[in-house]
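Here is a colleague's note on the charged side chains and the fold around them. Please read it with the structure open.

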Amino acid sequence: MTTWIWVARWLKSAGKEAEVRQAAAAIRKHWEEVALDQGLDPAKNVTTAEGEKEIRVGISEEFDEEMREGPGEWRFY
């Protein structure tokens, strides 16, 4: 089972759901590209969860660890 680290979240509000979904899709795409740059499978390391009141974008615990402890300038996000 994958443990997710939530990196972004949006509350849904009446009339703004399309904007929220668009913002979540853009952030998810960003993290998928970063995952590829790190040699990780985006399908296994980036997710979107949508509930009744919010949408979240998350990265896997492995991806989070790679970003925090891996070499290079991407140490903190």
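The points below go from the overall fold to salt bridges, then to charged surface residues.

1. **Status of the model.** This is a predicted model. Please treat each value below as computed from that prediction.

2. **Fold.** The chain has 3 helices and 3 strands. Read from the N terminus, their order is β-α-α-β-β-α. The C-alpha trace spans about 45 × 25 × 20 Å along its principal axes.

3. **Burial and surface.** How much of the chain is buried? Buried residues account for 30% of the 77 residues. The accessible surface comes to about 5400 Å². Carbon and sulfur atoms hold 49% of that surface.

4. **Long-range contacts.** Take the contacts between residues at least 6 apart in sequence. Of these, 60% join residues at least 24 apart. The salt bridges in points 6 and 7 also link distant parts of the chain.

5. **Charge balance.** The chain carries 11 positive and 16 negative charges. Their mean positions lie 7 Å apart. Side chains of opposite charge can pair when their charged atoms come close. The structure holds 8 salt bridges. Three of them are described next.

6. **E54 and R9.** These two residues form a salt bridge, with 2.8 Å between the closest N and O atoms. The pair links distant parts of the chain, its residues being 45 apart. E54 sits in strand β3 (residues 54-60), and R9 sits in strand β1 (residues 4-11). Are the partners buried or exposed? E54 has a relative accessible area of 16%, so it falls under the 20% cut-off and counts as buried. R9 has 52%, so it is over the 50% cut-off and counts as exposed.

7. **K12 and E50.** The side chains of K12 and E50 also meet in a salt bridge, at 2.7 Å from N to O. Again the pair links distant parts of the chain, here 38 residues apart. K12 lies in the loop between β1 and α1 (17-37). E50 belongs to strand β2 (residues 46-50). K12 is buried, with a relative accessible area of 18%. E50 is partly exposed, at 44% relative accessibility.

8. **R28 and E32.** What separates these two along the chain? Both lie in helix α1, and they are 4 residues apart, about one turn of the helix. They form a salt bridge whose closest N and O atoms are 2.8 Å apart. Both partners count as partly exposed: R28 at 23% relative accessibility, and E32 at 25%. Elsewhere, salt bridges that share partners join K12, E17, R21 and E50 into one network.

9. **Negative patch.** Which residues form the negative surface patch? They are E61, E62, E65, E66 and E69. E62 is found in helix α3 (residues 61-69). At 52% relative accessibility, E62 counts as exposed. E65 has its place in helix α3 too. Its relative accessibility is 46%, so E65 counts as partly exposed. E65 and V34 are 31 residues apart in sequence. In space, their C-alpha atoms are 13 Å apart.

10. **K53.** K53 is found in the loop between β2 and β3. It is exposed, with a relative accessible area of 62%. Which residues does K53 touch, not counting those up to four places away in sequence? They are W10, L11 and K12. The C-alpha atoms of K53 and L11 are separated by 5.9 Å. Along the chain, K53 and L11 are 42 residues apart.

11. **E52.** The loop between β2 and β3 also holds E52. E52 is exposed, at 74% relative accessible area. Between the C-alpha atoms of E52 and L11 there are 9.3 Å. These two residues are 41 apart along the chain.

12. **What to look at.** In the viewer, start with E54 and R9, the salt bridge between strands β3 and β1. Go on to K12, which pairs with E50 and belongs to the network with E17 and R21. Finish at the negative patch, with E62 and E65 among its members.

Definitions and conventions
Residues numbered from 1 in each chain as written. Predicted model: local features only at pLDDT ≥ 70, side-chain atom pairs only at ≥ 80, totals over all residues. Heavy atoms only, no water. Salt bridge = Lys/Arg side-chain N within 4 Å of Asp/Glu carboxyl O. Buried < 20%, exposed > 50% of the residue type's maximum accessible area, 1.4 Å probe, protein only. Contact = heavy atoms within 4.5 Å. Areas by Shrake-Rupley, 256 points an atom, 1.4 Å probe, with all protein chains shown as cover. Lys, Arg positive; Asp, Glu negative; His and termini not counted. Charge placed at Lys NZ, Arg CZ, Asp CG, Glu CD. Patch = residues over 30% accessible without salt bridge, like charges linked within 9 Å, V, L, I, M, F, W, Y side chains within 5 Å.
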